[in-house]
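Got the viewer open and a selection box ready? Here is a short tour with a few stops.

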Amino acid sequence: MPSSPPHRAPAAAVLPAARRFFGLWWRRQSPARQDRFATLAPLISVLLFLAAIISAFWYLRNEEFERETDLVRSDTEITQQQINLRLMQNVEQLTRMARELLTREVNAAGFAALADEFARDRPEVRHLSWLDARRRVKASHYPRLYLPESNVAESLGEPASPVTSLPRAGEDSAAEHAFREALRSRQPAYSRAFDTPAGEPVFQLYLPLQDRQGFLGTLLVEYAVPTLLRQYVPPDVAKRRTIAVVDAGQHVLASIAGDGPAVSGSGAPILATAPLGPPVLGLTLRAQGWRTSIGLIGNTLFWMVVALSVLTVWMLLGAWRHMRRRTQIQETLVQETNFRRAMENSMPTGMRALDLEGRITYVNAAFCQMTGFGESELVGCLPPYPYWPPERAEENTRLLHQELLGRSPAGGIEVKLQRKDGSRFDARMYVSPLIDPRGQQTGWMTSMTNITEAKRIRDQLSASHERFTTVLEGLDASVSVLSVQQGELLFTNRSYRLWFGGSAEGHSLLAGNETQDYGARNEDSVDHLSGLPAQALTEVGTHPREVFVEGTNKWFDVRARYLQWTDGRLAQMLIATDISARRRAEAQAAAQAEKAQVTSRLVTMGEMASSVAHELNQPLTAITNYCNGMVSRVQGDTIEREDLVAALRKTAHQAERAGQIIKRVRAFVKRSEPQRQPAHAGQIVEDAVDLAGIELRRRNVRIQTYVAQHLPELMVDPILIEQVVLNLLKNAAEAIDDAGLPSVRRQIELRVVPRHTADEGGVIEFSVTDSGPGLKEEVIGRLYEAFFSTKAEGLGIGLSLCRSIVESHRGRMRARNLYNSDIIVGCCFTFTLPVERAARPEAHMPPVGAAANPALTPE
C-alpha cells in the first residue's frame, strides 16, 4: 500500500539533510582513506545486511523453539492431569466400595460382582483383591483381560487353587511398604512400580478398611502402567508427541510413539517431564518433541545469498504457518481452560457464581455437598437463597448487597449457613469479580470454606487462655515477663501490679538489675544479646534467690528463667513469692538458737565449775607458796638476787597459767554472733582438748588425740565446732566415770582424718571413741531429740544442739556402738564437715536451730 503524504514529508526532509552531512564528512577525508572506505563499503554493507538477516532469523528460531517447548510442556501437563484425575476418581469409587464392604456382609461372589462393576470401564486395572489385617487374601477378582490361569480355569468351570498372601517376585518390598503405610496412616497408599513375572510394569494401591473396631484390612488394586498410558493420553497429544513413563532410575516402563508433524522433524529432541500420581510411586511422565527449525539458519543463509526473493516468499510462508500455529495454541488454551474448570468441581472448596443481579449462575460439586442442595435447586435462584437460615435472612441480605457493590473485605466474610436437613455450619466466603474477554464485569465468583471445626478449636483455645489468665491473676505470687532486648513488660499478674505498679522497675529490682534503665533504650542502642543461643537459654532451669525490696519492705523468693515469647522474642519470667513472714520466723529461730548455744556453754561451764576451781587452785596455791617463801627468806636476809629472780619467774609462770585458764573459759562462754571464717581443724581440737582436760583430769580419764597432717582449711565457726568437740569429750568422760571402769579402760580417743564419700564428697571426719558401756538401741533412736537425756540432772539439749550446729555447716553426725562379738565395748560419735565449703564463704550462717534433715539419723 502506498504511503500517505504525511508519512513522506518527514522522509523528504531527513534524506537531504543526511546527504549533506555525509557529503561534508566525505570531503573532509583524505583521498587514501576515501579509497579504502570505497573498497570496504560494499563488504561492510553486505556483512551488515547478513548480520541483520541472521540476527532476525536467529531470533525467530529461538522464539519458535521456546513456543515448541511450551507446547510440549503443556501437553505433558494435560496428560498428567488426565491420568491423575483418573486415579483420584478410582480412589473415590474404591472408597464407596470399601464402605459397602464394611456396612453389609459381602462374600467372595459379592466382592467379585462389585469388582467387576468397578473394572468394567477401567482397562488399566489388572486385578482387585480384598486383604485382611494380616495381608491375607479374602477374595480376588481379575478382569478377563488379565485373567491368570487359575481364574481362566475357574471361568471354564474348573476349581481354582486357593489364593494366598504370598507376593509375586519383585513386588515384596514395594507392596509390603505400601501395605504398612496404609496400616500406619489409615489413608490410601501406593506402592512403587515393579515388573510382573511377565515383565509388565505395574503399581498397586492399598485402600484401608477400618471402622470403629479398628483396621480390618485393605482393598488392593493393581494398575498396568502401559494400559494406563494408552487409555488416558489425549489422542491429539499422542499424535504429536512421544509419551513415556519412566521410574526413578530413568528406565522407560511404557511409551507411546506419536506420528504427527512435530515428530517428523529432525534434530535434538525437546523433553518435558511431570510427576505422575503421588510422589511415592516414583514415576515420571516424559513427553518428547522435536525442533522443527534445526538447520533453518544454514538453509536460509544459502538461499538469502542466491535469491532474496525466494527468502521473502519463504518468510511470508513462515509467518502464515506461525499464525496457524498460534490459532491452534489458542484453541488448546480454551480446551485447557475448560479442563481446569472441571478440576474446580473436584476441589473441596465450594464455588458459586452470581450475575450482577444476584442470581446464582454456577455452583460446583463441593458447594452442593456443603449445603445439601443439588445444582438444579440452586442455579437460577434469587435471594433469599434456600441455604440461608430464616432468622439470618436480613443480615445475609445486607452482606449480599455489600458483595454486589464490591465492598467485601479482602479477608472474607464469616457467615452462618443452613443445610438442606436443617443443620447449621459456619463458613467463610471470599469474593472476586468475574471479567469476560472484553474486560467487562459479568458477575461475582465466591469461594466458600467450611470453618466449623476451625472455629470450635479457636473458641476452645480462647477459653483455655482465659482460664489460664484467671489462674495467674489469682496467684498470691508475683508473675512478670520482660522482653530481654526491648526491656518491655509483656505480662504481669494482679500481685505484681499491686506491689510494683505497671512499670518494669519492679521486675528489675527482683532480677537484681537495679541500675538498669529500661527507659533509656533507643533505636541506636546496641543489642548485646544478639546472636545468643535462645534455645540453650530457655532450656536452663530456674535459679531461686531471695531479694529484699525496700519500696515494699518485703522479702521475696524469686525464681527466674528464660523463655521464648509467642512472637519469638527472648523473654525473662520472674515468679516472686512474699517470704517476709518466713524470714521473720527464721530470724527469731536464729536468735533462739544463739541463746541456746550460749546457754549450753554456760551449762557446760557450770557443770565443770568444780574442775575449773580445782585447776585454778593449783597455780594459785603455788603462787601463795612462792610468795610466802620469798617473804620469809627476804625477812631473814637469806636469799640471793638470782634465787629471788628465779622465784619471781616461777610465780609469774603460775599466774600466766591461771590467766590462760580464765581466758579460755571466758572466750568459750562469750556471747558472739555466729560467723564462719577459715579455721584449722588442729587448732580447734587443741583448744577443745585444753578446755576439756580440766574435766578429764578430775575424772582420771586419759585422752589420745590424732590429727592428720596437711588437712585443708575449713570454713566454719571455730567456737561452735569447739563446743561440739568439747560436749562429745565431756559426755565420753562422764560415761566412763559413771561406769566405774578400771584405770586401764579409762581412755578416750579423738581422731581427725580426711574422708571421701559418694554422698558428701570430700569431708573432714571428727570421731570421739570411748570405752564406756555404750548406748541402748532405744536411746540411739531418740538421742537427738530436744530435752531427752539419760542423765538424772541433764537438760537434754547438748546433743540436739551439737547436731544442729553440724548440720548448719552442711555436715552429718552419727552415733554407733562398738562391739567385740556380741558385747558392747564402747561408743563412737562421729561428725563430718565438708571441705568444699571452705572455698565459698557465706556472709551469714543458716540458723542453727533449723529442723534436722531426716537423712542424718544416728546409725
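Before the clicking starts, one term: two strands count as paired if DSSP finds at least two bridges between them. With that in hand, select Ala274 and look across to strand β10, where Leu285 stands opposite Ala274. Keep in mind that this is a predicted model.

**Stop 1: the sheet around that pair**

Colour β9 and β10 next. They pair in the antiparallel sense over eight bridges, and strand β10 covers residues 283-290. Now widen the selection to the whole sheet: four strands, open, in the order β8-β7-β10-β9, with antiparallel pairing. Which strands sit at the edges? They are β8 (252-256) and β9 (269-276), each of which pairs on one side only. Going from neighbour to neighbour, the strands of this sheet are turned by 20° on average, direction ignored.

Add helix α6, residues 225-232. This helix lies across β7, β8 and β10, and runs at about 25° to β8.

**Stop 2: Arg241**

Stay in this area and pick Arg241, which belongs to the loop between α7 (235-240) and β7 (242-246). Is Arg241 buried or exposed? Its relative accessibility is 1%, so Arg241 counts as buried, the limit being under 20%. Show side chains and you'll find a polar contact from the side chain of Arg241 to the side chain of Asp75, at 2.9 Å. Then put a distance label between the C-alpha atoms of Arg241 and Gly289: they are 5.5 Å apart, although 48 residues separate the two along the chain.

**Stop 3: a five-stranded sheet**

Jump along the chain to another open sheet, this one with five strands in the order β22-β24-β25-β27-β26 and mixed pairing. Its edge strands are β22 (702-707) and β26 (812-820), and each of them pairs on one side only. Neighbouring strands here are turned by 20° against each other on average, direction ignored.

Zoom in on β25 (residues 761-770) and β27: the two run antiparallel and eight bridges join them. For a sample, click Asp770, whose bridge partner in β27 is Cys827.

While you're in β27 (residues 823-834), select Thr830 too. Thr830 has a relative accessible area of 9%, so it falls under the 20% limit and is buried. What touches it from further off in sequence? Leaving aside neighbours within four places, the contacts of Thr830 are Glu765, Phe766, Ser767, Arg812, Met813 and Arg814.

**Stop 4: two helices on the sheet**

Turn on helix α20, residues 681-698. Helix α20 packs on the five-stranded sheet and touches β22, β24 (747-757) and β25, with its direction at about 180° to that of β22. Then bring in helix α21, residues 718-739, which also packs on the sheet. Helix α21 touches β22, β24, β25, β26 and β27, and its direction makes about 135° with that of β24.

Finish with the helices themselves. The axes of α20 and α21 are 9 Å apart and the packing angle is about 35°, in a right-handed crossing. To view the interface, select Ile684, Asp687, Ala688, Val689, Leu691, Ala692 and Leu696 in α20; they meet Pro718, Ile721, Glu722, Val725, Leu726, Leu729 and Ala733 in α21. Colour that set by class and you get twelve nonpolar, no polar and two charged residues.

Methods
Residues are numbered from 1 along each chain as its sequence is written. This is a predicted model: local features need pLDDT of at least 70, side-chain atom pairs count only at pLDDT 80 or more; totals for chains, interfaces and linings use all residues. Side-chain values use heavy atoms; hydrogens and water are left out. Buried means under 20% relative accessible area, exposed over 50%, partly exposed in between (1.4 Å probe, protein chains only). A polar contact is a pair of N or O atoms within 3.5 Å; within protein, one must be able to donate a hydrogen and the other to accept it, and residues adjacent in sequence count only if both atoms are side-chain atoms. Contact means heavy atoms within 4.5 Å. Axes are lines fitted to C-alpha atoms, for helices over the stretch in contact, and angles run from 0 to 180 degrees between N-to-C directions. A crossing is left-handed if the near helix is turned anticlockwise from the far one by less than a right angle, and right-handed if clockwise. Ala, Val, Leu, Ile, Met, Phe, Trp, Tyr, Cys and Pro count as nonpolar, Asp, Glu, Lys and Arg as charged, and the others, Gly among them, as polar.
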